[in-house]
Each structure stands twice: as structure tokens, then as C-alpha cells.
Amino acid sequence: MMTLRKMVMHGAAMVLGAGLFLSPAVAQDAPAASDAPVTTNTPGVDVPTPVDVPPAPTVDPQVQRGEYLARMGNCVSCHTVHGNEPFAGGLPFKTPYMFLGTMYSTNITPDEETGIGTWSEADFVKAMHTGEGPSGPLYPAFPYTSFTKVTDDDVKAIYAYLRTVKPVKYEPPSNSFIFVVARFGMKIWNAMFLEEGRFVADSSQSEEWNRGAYLVNGLGHCSACHTPRNLLLAEKSTEHLWGAVVPDVVLEGEYRPWFAVNLTQSKQGGLGAWSVDDIKRYLKTGHNKFAGTFGPMNEVIANSLSHMTEEDAKAMAVYLKSLPPAPESEPMQITEEETKAGEALYLKHCEECHAKTGRGGFMKAPPVAGSAIAQGRDPASLINIILYGAEPAKGLNPPGAWESMRSFRDRMTDEEIAAVANYVRSSWKNGGSKMTPQDVAKQR
Ligand code: HEC
Ligand code: HEC
Ligand code: HEC
């Protein structure tokens, strides 16, 4: 978590920017425009260290609840620059349309001049529910499209907690010109895409399921990364949590697309093989027998999900376990020769830890057979992990967690990486589209 890592795409901002100020052709030419979006986080070499959040004074139960809920919303990851005061803002967000420049998160400490010290509780509730601040509309890089589902009570508790954090006089850098002028356009975007309204419980489901749905789709804002977006960067509600491409940092200052995996119950490419307990364990500790955290999930887990109560982690898992499977990844057409070449590379570079069977090894590495990362509808995360390696967030190393995986950027060519990745995506009943050396070159 160093400098410039937040590439929002989220900023439907720039889409509007693109729509209002540029020709639509430009918008379509931009990389991964339709499927892309939001962003946050770090990975690779510069592994985030969890941010120390100021504890709530113990006297007031509402403030205490607010501290917990602010964790669930992961406010701190987006509103803190590493090394600065928590919640003081100033974290840069970029869009894949790099020419649009940078937007910065705001100071949400109670400082009256530079923070939100003059905001009333009602102002705060309105911003969280409608994306409308006292001085105008906000960009959905701030995930109010999810926060709109959060109850008034919970939003008020977060407000009460934020009133107790130390006011910090700090003015984040100014947004680039386009973000200054395109703000008014968000009203149109909201009218088209914001489904304003609180979470409605499903009475045919258990209380636990409803709690999980409330957290995943409200404060947890998982869909901000895991749901594909349309051309105007609104989440596609018919493809809820099907997996999506999000631009993010791989090394300090270097952005690449990542694939935030399919979180539904698809057997191929999704979490179909994970039990409720497996999901819960991953969310709460950052690892389970199938996978470990790295990349953009590092901050989500370190700063947010690892602080969940056991009950809330289980509730999230119960809800995710109920998601109907998205379409499965297709088996790949690959020649015998290609398989042989891929296998040789796998035996040379990967077998040592992931085993010939693809099942991984105890204390060594998680399985690649059945892996959602390996079988992603988009191979972006698989390419990143091979090029840049994988490292769990610091401070998140409970007993039994996977160690880190080395980078192969200097050890393998684009052709070799594509060949080994195709081998992994077509072996042991894995599925996934075929990749080319050009796909790898784009992410190197
Ligand atoms: C994914 C990143 C992200 C997360 C998570 C996030 N925010 Fe933000 N937030 C932003 C960005 C970026 C802005 C600036 C938006 C703009 O300028 O239009 C912002 C703006 C705001 C504003 C408006 C402040 C102002 O001065 O106008 C408030 C209030 C706010 N966030 C509160 C929160 C709270 C509370 C949470 C946690 C429950 C939270 N945010 C979580 C990115 C995030
Ligand atoms: C900032 C974007 C972002 C947010 C927010 C986010 N994720 Fe992820 N998630 C990713 C990416 C990218 C990956 C794949 C690469 C990685 O592990 O970092 C991923 C991977 C995962 C995995 C699969 C791991 C595997 O190895 O198969 C699970 C499970 C998961 N996320 C659950 C969640 C849940 C639940 C939430 C909401 C509470 C959430 N994520 C929020 C970006 C995000
Ligand atoms: C020295 C041991 C080692 C080697 C060699 C190695 N890996 Fe890994 N791999 C790991 C570890 C450890 C993880 C888990 C990292 C984490 O969770 O942060 C991992 C994770 C992965 C994952 C993500 C699995 C998931 O679903 O979460 C994939 C895919 C992967 N490796 C592919 C490969 C490929 C392909 C190669 C060969 C080019 C390779 N690995 C070589 C140790 C290794």
C-alpha cells in the first residue's frame, strides 16, 4: 500500500467524462471498459500492512458498534495514505482512461476545515445512501451504490464513531480537471443506475443468510470488484458476483488488470467446491485449504474482513454458498503438442510446490486443480500471480497460512507463461479460455 494504487474505474465518473466530453468511440477503445471498474489495493512486492485504526472510546456502545461497522465498510483502506493519519484521505484513484487523470479520496476525519467536521448526521446519512454530499454529488469510487443498503441505525453508528477519531487538518490534492467538471453528470448517472434503498430481508431465508446478504451487498461492497459492469460502469445486476476485471497495482505505481473471481457456486471457476466453513475461514483468516490471499484481496481481508466476528464471517459464507452458479468456464481446445510443452514447463517451474497432480502440497502451496484463480473467465489474476508472485498481507500470518510464491517475470518468457497457464487451465478437469503470449505481454 504505497502510492498510487487505487485505480478506480468505478468512477463512472470518467465514463460520464468520456460520454460527455469525448467521443463514445474513445470510451469503447479504452481497455476493458465494459468489464472493468473499481479498484483498490496492492499486491506483489509492496504488500500492505494493516492500518491501525483508532479504537473507539469504550464508554459508548453506539460508537463501539460504529467502529466495527466502519471496519466492515473498509473505510480506512480507501481513506488512508500509508504512513499518514487514518481517515485523512488523499489516496489517489485512477481510471483505466489514464488521460483523465487522478481523483483523490476525501478527508473524513472531524476536522472542520478539511474534513467532515461540519457535516450533520443527516448530511452523512444522505451521502452514504444517495451519494449526494452537502456540496454536490460524489463519484461512485465511493461505493454508495452498496452503502445505500445499510440501515439508518448502522450509518448513524459509523457517523458517531467517525466523530470520535482525531481531527486531522489535511487537504487531499486537487482532482484533475475532468473530475472537477464532470460532477454534475453524476446526477444523471444516479437517476439511471442507483437503486437507492435499504436492504430488504428475504423472509424465506434464515436470519443468518439475511445477515450475510446484508453484509456482502451493503457495507462489504464485494460487488464493487466482483460484479461485471456495463459500459457506463454500473454493476450488471443479472451477473451479481460472477467475477469481473478490476485494474489495480501489481508493483508500486504499476497497474494491471486483475480478475476478481467468480464468487458463485460454479464448480468450474467459482467457489462450488468450497464448504461454508472453507469460505468462512478464507474471509476471516486469509487462507484455507484451497487458497490464500494475495493481490487486491490482501487489504480487504487485513483491514476489514479479518476483524469480523465468527458469526458474521459464517453468515457471509452461508449467503455466498447460496449463490446460483454463473456459467462455467469452458474446457479448452489444446493440441497434444501444446499440452506436452506446457507440462514440461509446469514440471520445471511449478511442480515442486503445486505437485504433478495439481493438488498442491501440505504447507507448500494451494491446489491449482480446481482453483478459481486458475480457471477465471478472464486469466488476468493467473497471469499476475505467475509474473509477479503472491504474498499474503503482512500481519496476516496465522498458523497454517500459505507462504509467498516467487515471481517468474525474470525466469520465463511470455510464450512460456502462456504455455504453462494454458496447461494449468486445461489439466485436471480445469477449464478456461485459451491464452496467448500477447495476453501475458500486456501484463508484464
Ligand atoms: C473503494 C474505496 C472507498 C471505500 C471503501 C470508502 N470510500 Fe469514502 N470515498 C471514496 C472516494 C474516492 C471518495 C471521493 C469521492 C468524490 O470525490 O466524489 C469518497 C468520499 C466519501 C465521503 C464524502 C466526503 C466529502 O468530503 O465529500 C464520505 C462521507 C465517505 N467517503 C465516507 C466513507 C465511509 C464512512 C466509508 C466506510 C463505510 C467509506 N467512505 C468507504 C472511496 C471510498
Ligand atoms: C478491491 C476489490 C475487491 C473487493 C472490494 C473484494 N474483492 Fe475479493 N477478490 C478481488 C480480487 C482481484 C481477487 C482475485 C485475486 C486475489 O486473490 O487478490 C479476489 C478474490 C476473492 C476470493 C477468492 C480467492 C481464491 O483464491 O479463489 C474470495 C472468496 C473473495 N475475493 C471474496 C470477497 C468478498 C466476500 C468480498 C466482500 C466482502 C470481496 N471479495 C471484496 C478483489 C476484491
Ligand atoms: C516455491 C513454491 C511455489 C512455486 C514454485 C509455484 N507456486 Fe504457485 N503458489 C505458491 C503459494 C505458496 C501460493 C499461495 C500464495 C498466497 O496465498 O499468497 C501459490 C498460489 C498459486 C495460485 C493461486 C491458487 C489459488 O486458487 O489461490 C496459482 C494459480 C499458482 N500458484 C500457480 C503457479 C504456477 C503456474 C507456477 C509455475 C509457473 C507456480 N504457481 C509455482 C507456491 C508456489
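Q: Is alanine 365 buried, partly exposed or exposed?
A: Let's start with a single residue of this predicted model. Alanine 365 sits in the loop between helix H16 (351-354) and helix H17 (380-388). A residue needs 20 or more other C-beta atoms within 10 Å to be buried, and 12 or fewer to be exposed. Alanine 365 has 19 other C-beta atoms within 10 Å, so it is partly exposed.

Q: Which residues is alanine 365 in contact with, leaving aside its neighbours within four places in sequence?
A: One link across the chain is to alanine 401, 36 residues apart from alanine 365, with the two C-alpha atoms separated by 9.6 Å. For the contacts themselves, neighbours within four places in sequence are left aside. The residues that remain for alanine 365 are Cys353, His354, Gly360, Trp402 and Met405.

Q: Where does ligand 2 lie with respect to domain 1 (12-321) and domain 2 (336-443)?
A: The shell around ligand 2 counts 29 residues, and Gly220, Cys222, Cys225, Ala291 and Gly295 come nearest. Residues of this shell come from domain 1 (12-321) and from domain 2 (336-443). Because both domains contribute, ligand 2 lies between them.

Q: Which element gives the most residues to the shell around ligand 2?
A: Of the 29 residues around ligand 2, Gly220 and Cys222 are among those that come nearest. Elements that give two or more residues to this shell are helix H11 (223-226), strand S6 (254-260), helix H12 (276-285) and helix H13 (297-304). With three residues, the one that gives the most is H11.

Q: How many charged residues does the shell around ligand 1 have?
A: Ligand 1 is surrounded by 21 residues, and the closest are Gly73, Cys75, Cys78, Leu138 and Phe142. By class, 14 residues of this shell are nonpolar and seven are polar. For comparison, the shell around ligand 2 has 20 nonpolar and nine polar residues, with no charged ones. In the shell around ligand 1, the number of charged residues is likewise none.

Q: Are H10 and H14 roughly parallel or roughly perpendicular?
A: Helix H10 (residues 207-217) packs with helix H14 (residues 310-321) at an angle of about 90°, and their axes are 7 Å apart. Angles of 65 to 115 degrees count as roughly perpendicular. That makes the arrangement of H10 and H14 roughly perpendicular.

Q: How many charged residues are in the contact of H10 with H14?
A: On the H10 side, the residues are Glu208, Trp209, Arg211, Gly212, Ala213, Leu215 and Val216. They meet Asp312, Lys314, Ala315, Met316, Val318, Tyr319 and Leu320 in H14. By class, this contact has nine nonpolar residues and one polar, and the number of charged residues is four.

Q: What do the buried residues of H10 pack against?
A: The buried residues of this helix are Gly212, Ala213, Tyr214, Leu215 and Val216. Several of them, including Gly212 and Leu215, also take part in the meeting of H10 with H14. The packing partners of the buried residues of H10 are helix H3 (61-72) and H14.

Q: How many nonpolar residues are in the contact of H15 with H18?
A: The axes of helix H15 (residues 336-349) and H18 come within 8 Å and cross at roughly 100°, and the two helices are therefore roughly perpendicular to each other. Glu338, Thr339, Ala341, Gly342, Glu343, Leu345, Tyr346 and His349 in H15 meet Glu416, Ala419, Val420, Asn422, Tyr423, Val424 and Ser426 in H18. In this contact, three residues are charged and five are polar, while the nonpolar ones number seven.

Q: Is lysine 429 buried, partly exposed or exposed?
A: Lysine 429 is placed in the loop between H18 and H19, and its phi is near 65°, a positive value in a residue other than glycine. Tryptophan 428 lies in the loop between helix H18 (414-426) and helix H19 (437-443), and its phi is near 50°. Tryptophan 428 has 15 C-beta neighbours inside 10 Å and so counts as partly exposed. Lysine 429 has 12 other C-beta atoms within 10 Å, so it is exposed.

Q: Which residue has its C-alpha atom separated by 9.9 Å from that of glutamate 254?
A: Glutamate 254 is in strand S6 and, with 15 C-beta neighbours inside 10 Å, counts as partly exposed. Its partner here is 190 residues apart along the chain. That partner is arginine 444.

Definitions and conventions: Residues numbered from 1 in each chain as written. Chains lettered and ligands numbered in written order. Predicted model: local features only at pLDDT ≥ 70, side-chain atom pairs only at ≥ 80, totals over all residues. Near = placed C-beta within 6 Å. Helix = DSSP H or I, 4+ residues; strand = E, 2+ residues; numbered from the N terminus. Nonpolar A, V, L, I, M, F, W, Y, C, P; charged D, E, K, R; others polar. Domains from an automatic or database assignment. Axes fitted to C-alpha atoms, helices over the stretch in contact; angles between N-to-C directions. Parallel < 35°, antiparallel > 145°, perpendicular 65-115°, else oblique. Contact = placed C-beta atoms within 7 Å.
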